Amino acid sequence: MLIKKAEEIRWSEVTPKSLYLNRRKFLAETAMAGAAVAAGIALKKTISPSMSVLAGNKIDGAKKSSFSTSEAVTPYKDVTHYNNYYEFSTEKDEPAELAKNFRTRPWKVKIDGQVEKKQELDVDAIIKLASPEERIYRHRCVEGWSIVVPWIGFSLSELIKRVNPTSKAKFVEFTTLYDLGQMPGQRRQVLDWPYVEGLRMDEAMNPLALLCFGMYGEDLPNQDGAPLRIVLPWKYGFKSAKAIVHIKFTEKQPSNSWNISAPNEYGFYANVNPNVDHPRWSQARERRLGEFSKRPTLMFNGYGDQVASLYSGMDLKKNF
């Protein structure tokens, strides 16, 4: 058996603490069940479901979307307790606790730049712009893990069309909340805060690009990006900006936070591509939360039919 030193182990190879504990619980309960059978005792169900009880406000009337995958949904507890959210912490098991009192109301989103209808909207007014859909999307993190989540929202294009971008609008820039009092991770210079992300206009208008305000039939939990985030299932997770407060339409390509921090590791496009390795690990395989074996990473995360045409003729190794 090959034993690695701690400094040789990549994040993508580390089993999440919650999953490790769940596995130990499963093995312990299985042993209990076997002992009960051996003793001739009537077996009761000892293994509780992994989906925890939801605690947010329910979202009614969300229609099922044809964009949804048929893959098994990742348990709610895993998605809400294993989070990349550096505004709160670089540790994945800490944002759930640190964000529990995060205030998401009142909340305004400023929309400006190269648009005819510059405005500042209340988040609840944005949520009411279009009929909500439930979309079960698969996601791939650059660190090597993946999830399948039933998000609730509507196509980002619905908002974009309502503000009338001018012919000069080539990109959309998203800026997230900067609040040292509520977001303790911003007190550390991990990134140049506030967090900024961006898309080309054709990417933002693609129907897969989701303006998201819920998941699992309820409001977004704070640690998953409440009250408003984008979801881009064909891109690595860091592109899906959370807690959005500013949407700006620009002529020039925005400088996104991770590209500023480490340009040799994180490009502007961040399309899921198993043929382009991160400098410190391979992107060819991934581990789904809740599973213990790896699977091959799919080009564009399996959404090539919907998005590959956006990048026709581009060198996807250079434009990573």
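Buried means a relative accessible area under 20%, exposed means over 50%, and partly exposed lies in between, as found with a 1.4 Å probe on protein chains only. By that scale Asp122, with a relative accessible area of 24%, is partly exposed.

The exercises concern a predicted model, in which local features need pLDDT of at least 70, side-chain atom pairs count only at pLDDT 80 or more, and totals for chains, interfaces and linings use all residues. Residues are numbered from 1 along each chain as its sequence is written, and side-chain values use heavy atoms, with hydrogens and water left out.

**Exercise 1. Confidence**

Task: State the mean pLDDT of the protein chain, and find where pLDDT stays under 50.

Solution. Begin with the term itself: pLDDT is the predictor's confidence in each residue, from 0 to 100. The protein chain has a mean pLDDT of 88, and 83% of its residues reach 70 or more. Over residues 1–13, however, the pLDDT is below 50, and this stretch has 16 contacts in the model beyond near neighbours in sequence, a contact being heavy atoms within 4.5 Å. Residues 23–53 also stay under 50, with 18 contacts beyond four places in sequence. Where pLDDT is low, the predicted coordinates should not be read in detail.

**Exercise 2. The five-stranded sheet**

Task: Give the strand order of the open sheet of five strands, and say which strands stand at its edges.

Solution. Helices (H or I, at least four residues) and strands (E, at least two) are DSSP runs numbered from the N terminus, and the protein chain holds eight helices and 13 strands. Two strands pair if DSSP finds at least two bridges between them. On this basis the order of the open sheet is S3-S2-S11-S6-S7, with mixed pairing. Strand S3 (119–122) and strand S7 (196–200) are at the edges, and each has a single partner strand, so one side of each is left without a neighbour in the sheet.

Next, follow two of the pairings. Strand S2 (residues 108–113) runs antiparallel to S3, and four bridges join them; Val109 has Leu121 in S3 as its bridge partner, and the two strands form a hairpin with five residues between them. Strand S6 (residues 171–176) is also antiparallel to strand S11 (residues 244–250), over six bridges, with Thr250 in S11 as the bridge partner of Phe171.

**Exercise 3. Salt bridges around the hairpin**

Task: Determine which parts of the chain are tied together by the salt bridges of Arg105 and Asp122.

Solution. A salt bridge is a side-chain nitrogen of Lys or Arg within 4 Å of a carboxyl oxygen of Asp or Glu, and the structure holds 21 of them. In one, the closest N and O atoms of Arg105 and Asp124 are 2.9 Å apart. Because Arg105 lies in the loop between helix H3 (95–98) and S2, whereas Asp124 belongs to helix H4 (residues 123–127), the pair ties together parts that are 19 residues apart in sequence. Arg105 is partly exposed at 38%, and Asp124 is likewise partly exposed at 30%.

In another, Asp122 pairs with Lys108, the closest N and O atoms being 4.0 Å apart. Asp122 is in strand S3 and Lys108 in strand S2, so this pair ties together parts that are 14 residues apart in sequence. Lys108 is partly exposed, with a relative accessibility of 43%.

For a further case, take Arg200 and Asp202, whose closest N and O atoms are 2.9 Å apart: Arg200 counts as buried at 14%, while Asp202 is partly exposed at 32%.

**Exercise 4. The surroundings of Pro227**

Task: Decide whether Pro227 is buried or exposed, and list its contacts beyond four places in sequence.

Solution. Pro227 is found in the loop between strand S9 (218–219) and strand S10 (229–231). Its relative accessibility is 5%, so Pro227 counts as buried. Leaving aside neighbours within four places in sequence, Pro227 is in contact with Thr104, Arg105, Trp107, Val123, Cys212, Phe213 and Leu220. The C-alpha atoms of Pro227 and Ile127 are separated by 9.7 Å, although the two residues are 100 residues apart along the chain.

One of these contacts, Cys212, is itself buried, at 0% relative accessible area, and Cys141 is buried as well, at 9%. A disulfide would be a pair of cysteine sulfur atoms within 2.5 Å, and a search of the whole structure finds zero disulfides.
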